[in-house]
Amino acid sequence: MRRPIVAANWKMHHTVGEAQRYLHRLLELVPADPPLDLVVLPSATSIQATAQSLAQTPIAWGAQSARPEPEGPFTGELSVRQVCELGASYVICGHSERRALFNEDDKLVSRMVKAALESDLVPIMCVGESLEQRRAGTDWQVGEKQLDVGLSQIEEQESARIVIAYEPVWAIGTGVAAQPEDAQQMAGRIRTWLGNRFGASGERIRIQYGGSVKPDNAQQFLELANVDGALVGGASLDPDSFWQIAQAAVR
Ligand code: PEP
């Protein structure tokens with residue numbers, strides 16, 4: 001049985017003060033031993049405050065992205081090594097906004113996933129097709145290539161720690177979520193791919209759905225057989241809404 005995992009991707013939202021108030025409220029809502037993994041992914045300026053607020057709590061935190069190189073001339077970037085130093089447990093690899101806005105390709109994503117695992121971070125690797133690709137019927141080809149290249153450096157024995165977020169690009173931040181049947185189909189294909197690539201370990205890899213998940217539609221995704229959680233953007237910006245979604249992940 002895979003433990004559910006629900007993550008809040010704050011993107012470029014929340015000042016330090018707002019982050020602290022948010023986490024204070026979230027900690028009022030979450031019990032001491034929640035039956036799922038909860039992850040907060042703050043923007044860089046709130047990492048330190050998040051690390052402090054969540055120390056010795058059941059909520060983990062991570063980075064929205066991190067370069068695999070330990071250091072170097074990457075203006076504006078954070079490295080896996082730097083976020084580890086602050087106590088991160090997770091890192092998103094290859095979010096579609098980073099792929100589109102910062103030209104992150106599958107090869108870079110593959111290095112990010114590898115570097116994360118080597119530093120004991122859990123990579124949340126995002127895959128998903130654009131609207132054009134879905135209309136052209138190439139949605140699975142796109143996802144398969146992202147998995148083929150993104151996980152090309154991963155050995156079977158380290159694979160179980162990875163989280164895959166299936167996030168159709170057209171559903172992210174648009175308010176238009178995928179149909180549960182489509183999410184089900186893609187999650188099933190991803191599960192089959194993981195089993196073929198990693199054997200029994202593939203069954204242990206958690207798959208999230210992401211794309212306009214809200215409290216009122218979360219249940220229909222989180223009850224799907226191969227969906228073990230959600231990666232949530234907009235609806236995670238309010239702690240009560242995020243916690244409502246998280247509760248829908250517990251079967
Ligand atoms: C995301 O940023 O990963 C995301 C799924 O955003 P939203 O929930 O706003 O669609």
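Author: A definition to start with: Ala, Val, Leu, Ile, Met, Phe, Trp, Tyr, Cys and Pro count as nonpolar, Asp, Glu, Lys and Arg as charged, and the others, Gly among them, as polar. The model we are looking at is predicted.

Reader: Thanks! With those classes, how many charged residues does the lining of the largest cavity have?

Author: Gly94, His95, Ser96, Arg99, Cys126, Val127, Gly128, Gln146, Glu167, Val169 and Ile172 make up that lining. H4 and strand E5 (122-127) are the elements that give two or more residues to it. Four of the lining residues are nonpolar and five are polar, and the number of charged ones is two.

Reader: How much space lies in that largest cavity?

Author: The count of cavities of 30 Å³ or more comes to two. The largest cavity holds about 50 Å³.

Reader: And the second largest cavity: how many polar residues are in its lining?

Author: This cavity has about 30 Å³ of space. Around it are Met1, Arg2, Pro4, Val227, Asp228, Ala249 and Arg251. Four of these are nonpolar and three are charged, while the polar count is no residues.

Reader: Now to the ligand, happily. Which pocket does its space correspond to?

Author: One pocket has a volume of about 180 Å³. Of the 18 residues lining this pocket, Gly173, Ser212, Val213, Gly233 and Gly234 are the closest to its centre. The ligand takes up the space of this pocket, the second largest.

Reader: Which residues around the ligand come nearest to it?

Author: The shell divides into four nonpolar, eight polar and two charged residues. There are 14 residues around the ligand, and those that come nearest are Lys11, Glu167, Gly173, Ser212 and Gly233.

Reader: How far is the side chain of glutamate 167 from an oxygen atom of the ligand?

Author: Backbone atoms approach ligand oxygen too: a polar one of serine 212 is 2.8 Å away, and an N or O atom of the glycine 234 backbone lies 2.8 Å from an oxygen atom of the ligand. For glutamate 167 the atom is an N or O of the side chain, and the distance to a ligand oxygen is 2.7 Å.

Reader: What percentage of the area that the ligand exposes alone does the protein bury?

Author: On its own, the ligand exposes 290 Å². The share of this that the protein buries is 96%.

Reader: Which helix gives the largest share of the lining of the largest pocket?

Author: The largest pocket has about 550 Å³ of space. It is lined by 23 residues, with Lys11, Met12, Ser43, Gln64 and Arg98 closest to its centre. By class, the lining has nine nonpolar, nine polar and five charged residues. The largest share, three residues, comes from residues 96-101, helix H4.

Reader: One backbone matter: what is phi of histidine 14?

Author: Most residues other than glycine have a negative phi. Histidine 14 sits in the loop between strand E1 (5-9) and helix H1 (16-29). Though not a glycine, histidine 14 has a positive phi, of about 80°.

Reader: And where is glutamine 56 found?

Author: Glutamine 56, also not a glycine, has a positive phi near 55°. Its place is the loop between helix H2 (47-54) and strand E3 (59-63).

Technical notes: Residues are numbered from 1 along each chain as its sequence is written. This is a predicted model: local features need pLDDT of at least 70, side-chain atom pairs count only at pLDDT 80 or more; totals for chains, interfaces and linings use all residues. Side-chain values use heavy atoms; hydrogens and water are left out. A residue is near a molecule or strand if one of its heavy atoms lies within 4 Å of it. A polar contact is a pair of N or O atoms within 3.5 Å; within protein, one must be able to donate a hydrogen and the other to accept it, and residues adjacent in sequence count only if both atoms are side-chain atoms. Accessible areas come from the Shrake-Rupley method with a 1.4 Å probe; for residues, only the protein chains shown count as cover. On a 1 Å grid over the protein atoms alone, a cavity is a set of points where a 1.4 Å probe fits but cannot get out, and a pocket is an open set with protein on both sides within 12 Å along at least five of seven lines; lining residues have an atom within 4 Å of a point. A molecule sits in a cavity or pocket if more than half of its atoms lie within 2 Å of its grid points. Grid points are joined across faces, edges and corners, and a volume is the space filled by probe spheres set on the points. Helices (H or I, at least four residues) and strands (E, at least two) are DSSP runs, numbered from the N terminus.
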